[in-house]
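Take a walk through this protein with the viewer open. Keep the sequence at hand, and find each residue as it is named.

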Amino acid sequence: MIQSFVELIREIGPLSDPVQIFALVMVIILVAPLVFTRLRIPGIVGLIVVGALVGPSAAGWLERDETIQLLGTVGLLYLMFTAGLSMDLGQFQKLRGRSVGFGLVSFAIPMVLALIVGTQVMGYSMATSLLLGSVVGSHTLLAYPMAVRLGIAQSPAVTVTTGGTLVTDTLSLLVLAVVVANAAGDADRAFWVTFGAGLVAFLIYIMVVVPRVGRLFFRTVRNEPTTEFGFLLVILFVTAVLAEVAGLAPIVGAFAAGLALNSLVPDTGTLMGRIQFVGEALFIPFFLLSVGMLVDFSVLFGELGVWITAAVFTGLVVIGKASAAWTAGLVLRMRSFESWTMTGLTIPQAAATLAVTLIAFELFDPSGERVFSAEMVNGVVIMILATCLVGPSLVERFGRQLALAEEERPYDPSDAPERILIPLANPATADALIDLSLMIRRGNEPLFPLTVARDGADVDAQVAASERLLAHAVKHAAAADVPVNPLTRVDMNVAAGIVRAVKERRASTIVIGWNGKVTTRDRMFGSVLDQLIGDTAATTLVCHLCRPLSVTERVVLAVPPFAERDPGFGAVVRAARRLAARSSASLLVLTSDECFERVDQRINAVGPDVETETVAIGQWGHMTDAIGRHVRKDDLLIVITARQGTLAWQPEFIALPFELGQRFSELNFVIAYPPGVETLQQARSETLPATLGVRVSEVRHQVAAATVEAVLSDLLRAHFPNSPTAVQRLREQLLARHGNALELIGPSILLLDGHSPIVNEPILLVAECEAAIGVGDNGDVVRQVAVFLSPMDRKAHEHLRDVSAIAGHLRASTFHAASRSPFERLGVGER
């Protein structure tokens, strides 16, 4: 009866109508993962199994003809290309030594085992054993999409494994090339010269030509998704062809192409979303089906020798790859589930394995015998099926543990979700603002694009236009598979509408655009940013984006004096480092000489990890000149400024946006306002700010000393007369904390701060100098010396918050004449 049923099934195929074939494949791609996932078997394993069942040796519905082989090859190349694009190059640069080391170990251990077992146990020749080692030494990132889905693709374990793939596959195919050349008698000096020249030419193409062509393309073509996707496919397949010409395998070329274009395709961008969607929905499933169709059931159930051979080959792979992964895990001090995840990623065999096997089957030794017999080929096919079942299962099980460990690690502020509000007004800049928001986004919070329609007679038309703009923004963000919650507000005051949305949605970051120009028409928007910055405490990024973010080579962060002591400094630095990391760019920090050490320390204490360089540029007053010397056309400049009344604010900030807009109109730049702790009105109060978290005592003394050091000594002794030793130690601590170059927070005002065991509550001491005291080489004078002290057990962020508020209190009367914000004075706004 079973035989009759099998014959009935086989009578259905093979299908010859292209529409029927494609329809069957689509049904398999849809149904197989769903069914096998319910059975707690990875979906990609289900595609391989179903491919075997519908293939020529079982149901016979599909033939592994040229079309299936073509689509399978395309899927394999696409898989390798996606792996190269998705790799975290910053993490890879940091771990490149580990990746290369792991790749060498992951190839060497299986190769040595194959040579021993092949020559001593199986009775194979040295050439056959070398090719067997080449087969089991490589691996295919079959389970990589699973790592992406689990959110562990950028973990150190997966990054090391992905980088090692390039090493193992290259060595595998190099061994194949040498054995083939030796069998043909061509392994002479000419062979090595030709191979070396081809390899050098290919490396020049990958490292020089592809990045430059890609950067030129993305500078020229903007907001054309179809053209951008087509360009990536062209680079993928042209590079695969050139790799083959150079004597390498096409899969190596595909992976290298992904690495070369990695920095131009942000992993959180819309283009990457389209690439992953097409691959996971079409190309990669075709590859998995083609692997399953290699299985020959007549051989499986007909000859015992094939099973013995397959068992030996599978054992070599599993033992070799597991040994390499656990060796690397012990050396790199990884946890057990990380080693198991690396094992699961390296066990699957398909790409280089198939290439070596098929070529070896056509190769003959001097005696006229095939180097790989038919039994060995069938054994390899069974081994491929077995490893493609085992590997993904391990990743599915232990990758989940790795994902959970990532979620349960100690809290890091850089991991905090970003609730990002994006006020939109100009369709031409909407995509760029969405892209930047995607790059700084963290967690699963949706984006909140916002439009505000002015209430009036034409409010209906404005709301309709706003909805069209929001619809476009939603589509753009949806392409990156990011949730979007569009918002529309109607208000007589645009700024009030934005502020209301910030409060309703509890936004942590505002990303708003500016065209960098000051025109008569723009003056009507002057109060928008003024009120927004004054009435909200969210991190505010005012963006002038005139070039595609994908071509960013470097993020340049300009840090003014005292900004590093602002409680919100870390939020802006995290955004800058995240932009650099997701653009595969480096970070250059520009700051004044006197702040260099503190800024460098604060910058390097904030994640994520990126290549960072801090440069001292003299005085902050020369910042725009320094920017002109250091920035390049493909840089993204971020200038940290401050809300008025905070410690870092200075009058020069009034003209800063105008100077940036005029001097760097062709450059992408962002003016960044750290999250605030008080409003402008509170900063201007006559008494200490009411927003302080604790009570602060203010004590004033008249001092007649002639130096800052002497003023500080007299001030501390006047308030702590019974603690001379502690006073001396505190004086030295305050001077050492602030360095030799004392910075004024305003004209004639010097503020020092620190923690001290001789105070039980926060206290502000102010010395009124009877005569001006000269400091520094710039002609600055000090008339007030303020010292703010906190108890030793007070938290750092609370201390810094109060320092910022006190600075505003001390100089409020000094800066009343310059009370308007830079955007209010210039008359600029969101465009």
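Start at helix 15, where the buried residues are Phe 337, Glu 338, Ser 339, Thr 341, Met 342, Thr 343, Gly 344, Leu 345 and Thr 346. This helix spans residues 336–346. It is mostly covered, with 9 of its 11 residues buried. Keep in mind that this is a predicted model.

One name in that group carries a charge partner. The side chain of Glu 338 forms a salt bridge with the side chain of Arg 335, at 3.3 Å from N to O. How covered are the two partners? Glu 338 has a relative accessible area of 7%, so it counts as buried, since buried means under 20%. Arg 335 is partly exposed, at 38% relative accessibility.

Now step back to the whole chain. The protein chain has 831 residues, and 56% of them count as buried. Its secondary structure comes to 30 helices and 15 strands. The accessible surface is about 34800 Å². Carbon and sulfur atoms account for 58% of that surface. How much of the contact pattern comes from residues 24 or more positions apart? Among contacts with a separation of 6 or more, such residues account for 81%.

Some single residues show contacts of this kind. Go to helix 5, residues 89–120, and find Gly 103. Gly 103 is buried, because its relative accessibility is 0% and the cut-off for buried is under 20%. Leaving aside residues up to four places away in sequence, Gly 103 touches Gly 164, Val 167 and Thr 168. Thr 161 gives another distance to check. Its C-alpha atom is 7.5 Å from that of Gly 103, though the two residues are 58 apart along the chain.

Next, move to helix 17, residues 374–408, which holds Thr 387. Is Thr 387 buried or exposed? It is buried, with a relative accessible area of 1%. Its side chain reaches the backbone nitrogen of Gln 349 at 3.2 Å. Gln 349 is also one of the residues that Thr 387 touches. The others are Val 317, Ile 347, Pro 348 and Pro 392, with residues up to four places away in sequence not counted.

Tyr 673 takes us to a strand. It lies in strand 10, residues 668–673. Tyr 673 is buried too, with a relative accessible area of 2%. Look for Val 542, which is 131 residues away along the chain. The C-alpha atoms of Tyr 673 and Val 542 are 8.2 Å apart.

Cysteines come next. A disulfide is a covalent bond between the sulfur atoms of two cysteines. How many disulfides does the structure hold? The count is 0. Two cysteines are worth finding all the same. Cys 543 is buried, with a relative accessible area of 2%. Cys 595 is buried as well, at 0%.

Back to charged pairs. The whole structure has 11 salt bridges. One joins the side chains of Glu 445 and Arg 419, at 3.2 Å from N to O. This pair links distant parts of the chain, 26 residues apart. Glu 445 sits in the loop between helix 18 (427–440) and strand 2 (448–454). Arg 419 sits in the loop between helix 17 and strand 1 (420–423). Glu 445 is partly exposed, with a relative accessible area of 22%.

Another salt bridge pairs Arg 500 with Glu 504, with their closest N and O atoms 3.8 Å apart. Why are the two separated by about one helical turn? The reason is that they are 4 residues apart in helix 20, residues 494–505. Arg 500 is partly exposed, at 32%. Glu 504 is partly exposed as well, at 43% relative accessibility. Salt bridges that share partners join these two with Arg 489 and Asp 491 in one network.

Finish on the surface. Val 27, Leu 30, Val 31, Leu 34, Val 35, Leu 39 and Ile 41 form a nonpolar patch there. Together they have about 600 Å² of accessible area. Pick out Val 35, which is in helix 2, residues 18–38. At 39% relative accessibility, Val 35 counts as partly exposed.

Methods:
Residues numbered from 1 in each chain as written. Predicted model: local features only at pLDDT ≥ 70, side-chain atom pairs only at ≥ 80, totals over all residues. Heavy atoms only, no water. Patch = residues over 30% accessible without salt bridge, like charges linked within 9 Å, V, L, I, M, F, W, Y side chains within 5 Å. Areas by Shrake-Rupley, 256 points an atom, 1.4 Å probe, with all protein chains shown as cover. Salt bridge = Lys/Arg side-chain N within 4 Å of Asp/Glu carboxyl O. Buried < 20%, exposed > 50% of the residue type's maximum accessible area, 1.4 Å probe, protein only. Disulfide = S-S within 2.5 Å. Polar contact = N/O pair within 3.5 Å; in protein donor to acceptor, adjacent residues only side chain to side chain. Contact = heavy atoms within 4.5 Å.
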